Structure formats: structure tokens, C-alpha cells
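Please open the model in your viewer and keep the sequence panel beside it. The tour below goes from one selection to the next and says what is found at each stop.

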Amino acid sequence: QVQLVESGGGLVQAGGSLRLSCAASLSIGINSDMGWYRQAPGKQRDLVATITGGGSTRYADSVKGRFTISRDNAKNTVYLQMNSLKPEDTGVYYCNANRRDTLGYVISAYWGQGTQVTVSS
């Protein structure tokens, strides 16, 4: 069973940077897509960034140009480099990994426990 463990969250001033890491206990698989989601109190969990097994990335409009998602399949780890942080980036960040079949349907989904990111003004 795959378990995802996030790290790298914390408190940072606006304009600062953080790098989140998500390490899988077992091999995720290079054909899986992985992503980061965040959730503010009382709000829905929204997609921040995702990366496919082929390396294609997608970002929420609010983080484009500031955040970069990457993955190291050899280390079974996905990263989120966050630069020029804003107070609106505050929230709990969750790592996600999906295994899909050849038709694109999710056959296995994994979630991390979440890591808190707080950006002060």
C-alpha cells in the first residue's frame, strides 16, 4: 500500500519561498499523475498543480509563474517549489497521486496527510 508523506510546510513572510516534498513509501509508478491541492478553512480543496507521468504540468491560474511542480520517479517523490508567496497561498497542502488505466480512469488514489503553509504579510 502506498503512503504519501508531505514535508516542507511552515510559516513564511510574503514574498518568500518554500519547497514542499511528498515522498511515497512505495514506488508510485511513472505512469501515474501526481499533484498538489490546498484547502483553506471552510473552503473546498482546490487543485494547485499537477504533473503527469509524461511530465506535462498544469497549474491553477493563481499560482502560475510562481509555483513549479516536479517529480523524481527514482525517489518516488513529487515537489512543489513555491516562490513569491502571498497570504492567499495560506492553507493545508495535500499531496495526491493517481494511478490510471489506459482509458484515463483512476484505479488507485493516494493522499498525504497534509502540511500547513502559512504566509504572513
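Strands in this tour are DSSP runs of E of at least two residues, numbered from the N terminus, and two strands pair if DSSP finds at least two bridges between them. The model is predicted, so local features need pLDDT of at least 70 and side-chain atom pairs count only at pLDDT 80 or more, while totals for chains, interfaces and linings use all residues. Residues are numbered from 1 along each chain as its sequence is written, and side-chain values use heavy atoms, with hydrogens and water left out.

**First stop: strand β4 and its partners**

Select residues 33-39, which make up strand β4. Of its 7 residues, 5 are buried (under 20% relative accessible area, with exposed meaning over 50% and partly exposed in between, for a 1.4 Å probe and protein chains only), so the strand is largely enclosed by the rest of the structure.

Now add residues 46-51, strand β5, which runs antiparallel to β4 and is joined to it by 5 bridges; within this pairing, Met-34 has Ile-51 as its bridge partner. The two strands form a hairpin with 6 residues between them, and in the turn Gly-42 has a positive phi of about 80°.

Next add residues 91-100, strand β9, which is also antiparallel to β4 and is connected to it by 7 bridges. Here Asp-33 stands opposite Asn-98.

**Second stop: the salt bridges**

A salt bridge is counted when a side-chain nitrogen of Lys or Arg lies within 4 Å of a carboxyl oxygen of Asp or Glu, and by this rule there are 4 of them. Show the side chains of Asp-33 and Arg-100, which meet in one with 2.8 Å from N to O. This pair links distant parts of the chain, since Asp-33 belongs to strand β4 and Arg-100 to strand β9, 67 residues apart. Asp-33 counts as buried at 10% relative accessibility, whereas Arg-100, at 37%, is partly exposed.

Which residues are linked in a network of salt bridges? Select Arg-38, Arg-66 and Asp-89 to see it. Asp-89 meets Arg-38 at 2.9 Å, N to O, a contact between the loop that joins β8 (77-82) to β9 and strand β4, 51 residues apart. The closest N and O atoms of Arg-66 and Asp-89 are 2.8 Å apart; because Arg-66 lies in the loop between β6 (57-59) and β7 (67-72), this pair ties together parts that are 23 residues apart in sequence. Asp-89 is buried with a relative accessible area of 0%, and Arg-66 is buried at 9%.

**Third stop: a charge over two rings**

Centre the view on Arg-45. A charge sits over a ring if NZ of Lys or CZ of Arg is within 6 Å of the ring centre and within 35 degrees of the ring normal. Arg-45 lies over the face of Tyr-94, 3.7 Å from the ring centre, and its charged end also sits over the ring of Trp-111, 4.9 Å from the centre.

**Last stop: the lining of a pocket**

Finally, select Arg-38, Gln-39, Lys-43, Asp-46, Leu-47 and Glu-88, which are among the residues lining the largest pocket. On a 1 Å grid over the protein atoms alone, a pocket is an open set of points with protein on both sides within 12 Å along at least five of seven lines, and lining residues have an atom within 4 Å of a point. Strands β4 and β5 are the elements that give two or more residues to this lining, and β5 has the largest share, 3 residues.

Definitions and conventions
Helices (H or I, at least four residues) and strands (E, at least two) are DSSP runs, numbered from the N terminus. On a 1 Å grid over the protein atoms alone, a cavity is a set of points where a 1.4 Å probe fits but cannot get out, and a pocket is an open set with protein on both sides within 12 Å along at least five of seven lines; lining residues have an atom within 4 Å of a point.
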